[in-house]
Amino acid sequence: MYKRATVTFLLFILITVVPAKSGEAIGRLVSLAPSLTEMVFELGAGESLVGVTDQCRYPPAALAIPKVGSYQTPNLETLLTMRPDMVLALQEHATIFYRFDELGIPYRVFDHRSLDGLLASLGSLGTLCGVPERAQEAQRMLADAFAPSSASADGPAMLFLIGRDYGQGGIANAYAVGTDGLYDRLIAAVGCRNAYTGGLPYPVLSGEGVAALEPDIIVEAIYAEMGTNEPPDSLRSDWNSLANLPAVRDGHIYYINADYVFVPGMRLVLLKQDLDAIVQAAAP
């Protein structure tokens, strides 16, 4: 009886999900990722969002929008009650696309794993929301932030870590920014070389692996939801095990505690500013 009632409910909802006509701005959007939510607001179309995930917290206006569940596991029954004209999803949501197809939910897939993907997303969202000029402005702002510096080839070697085992009295399982097409481009934009020169997008390094890179600057992105509540002074003590590294010896270990580091969207402009300030402090 429950299954039958649920199916009836879903079918009732589905007949109200009518995609917008070709050429018209989409009226009711549901975003399944913080980066997509932030982009829609950046384009001045936040009023089109009728649903977002629990992790969509910026800008503050996003907090008042009904929630569809978590980024990893959105609730499809709740999503259907929002009667979306379009669901905005990332490649990372591929495991539920078949459910969207089964239920007739209109959706569009974006790729935020590279700068090119971010720029393409802004263009697509600009068309979707009927604000192409605003999208072009946002594209220019983001592209300018990522423009490579002419000094990067001879600049200091920066190791950018986005997580590791903390409080171990040493360095282990350090997730580094590699050749990912996004964060590595910010390293070049602030006039640095990536200390990691291999081909992996996010290599996992041991203490010995970090030592072999001999970074001049170490940047650690920390955020409570990404695994640490430890203050920077406590985290720095782990580096004493690598006291001969140039960055450790010269005191060039820096911490960025901000959620936007982990949201590949418009606020990466703020991360660029953070990295600029770090480079200035390390090599004025």
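Pro 59 sits in the loop that runs between β2 (49-51) and α3 (76-81); helices (H or I, at least four residues) and strands (E, at least two) are DSSP runs, numbered from the N terminus. The peptide bond that joins Tyr 58 to Pro 59 is cis, with omega at about -5°. A bit further along, in the loop between α3 and β3 (86-90), you'll find Arg 83. Arg 83 isn't a glycine, yet its phi is positive, about 50°. For context, most residues other than glycine have a negative phi, and most peptide bonds are trans.

A quick word on what you're looking at. This is a predicted model, where local features need pLDDT of at least 70, side-chain atom pairs count only at pLDDT 80 or more, and totals for chains, interfaces and linings use all residues. Residues are numbered from 1 along each chain as its sequence is written, and side-chain values use heavy atoms, with hydrogens and water left out.

Back to Tyr 58 and Pro 59: both help line the second largest pocket, along with Glu 38, Phe 41, Glu 42, Met 141, Met 266, Arg 267, Val 269 and Leu 270. Two elements, α2 (34-42) and α11 (268-282), each give two or more residues to that lining, and α2 gives the most, with three. A pocket here is an open set of points on a 1 Å grid over the protein atoms alone, where a 1.4 Å probe fits, with protein on both sides within 12 Å along at least five of seven lines; lining residues have an atom within 4 Å of a point. The volume comes to about 160 Å³, taken as the space filled by probe spheres set on the points, which are joined across faces, edges and corners. By class, the lining has seven nonpolar, no polar and three charged residues (Ala, Val, Leu, Ile, Met, Phe, Trp, Tyr, Cys and Pro count as nonpolar, Asp, Glu, Lys and Arg as charged, and the others, Gly among them, as polar).

Now follow α2 to its helix neighbour. The axes of α2 and α5 (residues 115-128) come within 10 Å and cross at roughly 50° (axes are lines fitted to C-alpha atoms, for helices over the stretch in contact, and angles run from 0 to 180 degrees between N-to-C directions). The two are therefore oblique to each other, since angles under 35 degrees count as roughly parallel, over 145 as roughly antiparallel, 65 to 115 as roughly perpendicular and the rest as oblique. Leu 36, Met 39 and Val 40 of α2 touch Leu 118, Ser 121, Leu 122 and Leu 125 of α5, contact meaning heavy atoms within 4.5 Å.

Finally, α5 packs against α6 (residues 132-145) at about 165°, axes 7 Å apart, so α5 is roughly antiparallel to α6.
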